[in-house]
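Biologist: Could you take me on a close look at the aromatic pairs in this protein, and show me the surroundings they sit in? I am new to this, so please go step by step.

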Amino acid sequence: MKVRWVTVGPFQENSYLLSDEDSGKGILVDPGDEPARIVGMVKQARVSIEAIWLTHGHLDHVGAVDAMRREFGAKVYLHPADLPLYRRAGVQAAMYGVPFEQPADPDGELVAGTTLEL
C-alpha cells in the first residue's frame, strides 16, 4: 500500500490517499479543502477512487467531500455519532469566515467492528 497526502486549507489539514499499487484502486481520507489539489494528487498517482472515509465531521476534514463525489463518484463513510457535527460544518465555517460547500449526508457508516478493505 502506498500512502500519499496533501496539506490543505486555512487549518492546514492533511488529506490522505491510500492506494494499492497492484490494482490501482484507492481511498481518500478526510478531503478537507482545496479540491483541485486533492484531485491533482489522485490523478498524478493514477488511482481509481473507491470510497471516501471520514475520520470525523470537523469542517476542515469534510470541506471537499462533495467536490470529490462529483469528480470520482465515490461513496462517503462516517461514524454516525459525528453526523450532527458534519451537518453543521457550514455553520462552523461561516463563524470562521471560511468559504465552504456543505456536503450532502454520507452514504454509509463507519462503526466499531467494521472491517475496511482496500
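**A close look at the aromatic pairs**

Modeller: Happy to! In the protein chain, buried residues make up 43% of the 118 residues. Please keep in mind that this is a predicted model.

Let us set the scene before we zoom in. The protein chain contains five helices and six strands. Read from the N terminus, its elements follow the order β-β-β-α-β-α-α-β-α-α-β. The C-alpha trace spans about 45 × 30 × 20 Å along the principal axes of the chain. The radius of gyration is 13 Å, which agrees with the value near 13 Å that a compact globule of 118 residues would have. Look also at the contacts between residues at least 6 apart in sequence: 57% of them join residues at least 24 apart. As for the outside, the accessible surface comes to about 6,400 Å², and 51% of this belongs to carbon and sulfur atoms.

Now to the part you asked for. A pair of aromatic rings is described by the distance of the centres and the angle of the planes. How many aromatic pairs does the count come to? The count comes to two aromatic pairs.

One pair is formed by Trp5 and Tyr16, with 6.4 Å from centre to centre and 45 degrees between the planes, and it is tilted. An angle under 30 degrees would count as stacked and one over 60 as edge-to-face, so the rest, to which this pair belongs, are tilted. Trp5 lies in strand 1 (residues 2-8) and Tyr16 in strand 2 (residues 13-19), so this pair ties together parts that are eleven residues apart in sequence. Are these two residues buried or exposed? Trp5 is exposed, with a relative accessible area of 53%, while Tyr16 counts as partly exposed at 29%.

The other pair is made by Phe11 and Tyr96, and because their ring centres are 5.2 Å apart with the planes at 80 degrees, the pair is edge-to-face. Where do these partners sit? Phe11 lies in the loop between strand 1 and strand 2, and Tyr96 lies in helix 5 (residues 89-96), so the pair ties together parts that are 85 residues apart in sequence. Phe11 counts as partly exposed at 35% relative accessibility, and Tyr96 is exposed with a relative accessible area of 56%.

From here we can walk to some other places in the chain. Try the loop between strand 3 (25-29) and helix 1 (35-45), where Asp30 is found. Its phi is near 55 degrees, a positive value in a residue other than glycine. Asp30 is buried, with a relative accessible area of 3%. Glu34 is also placed in the loop between strand 3 and helix 1. Glu34 has a positive phi of about 50 degrees although it is not a glycine, and at 28% relative accessibility it counts as partly exposed.

Asp30 leads us on to Thr55, which is found in the loop between strand 4 and helix 2. Leaving aside neighbours within four places in sequence, Thr55 is in contact with Val29, Asp30 and His61. Thr55 and Tyr77 are 22 residues apart in sequence, and their C-alpha atoms are 8.9 Å apart in space.

For a view of buried residues, turn to helix 3 (residues 65-72), where Val65, Asp66, Ala67, Met68 and Arg69 are buried. The cover over the buried residues of helix 3 includes strand 3, helix 1, strand 4 (48-53), helix 2 (59-62), strand 5 (75-78) and helix 4 (83-87). Helix 3 is followed by Gly73, which has a positive phi near 70 degrees.

Our last stop is Leu116, in the segment after strand 6 (108-109). Leu116 is partly exposed, with a relative accessible area of 42%. Not counting residues up to four places away in sequence, Leu116 touches Trp53 and Leu110. Leu116 and Trp53 are 63 residues apart along the chain, and their C-alpha atoms are separated by 9.6 Å.

To return to your request: the tilted pair is Trp5 with Tyr16, and the edge-to-face pair is Phe11 with Tyr96.

Technical notes
Residues numbered from 1 in each chain as written. Predicted model: local features only at pLDDT ≥ 70, side-chain atom pairs only at ≥ 80, totals over all residues. Heavy atoms only, no water. Helix = DSSP H or I, 4+ residues; strand = E, 2+ residues; numbered from the N terminus. Buried < 20%, exposed > 50% of the residue type's maximum accessible area, 1.4 Å probe, protein only. Phe/Tyr/Trp six-rings, centres within 6.5 Å; stacked < 30°, edge-to-face > 60°. Rg over C-alpha atoms; globule rule 2.2 N^0.38 Å. Contact = heavy atoms within 4.5 Å. Areas by Shrake-Rupley, 256 points an atom, 1.4 Å probe, with all protein chains shown as cover.
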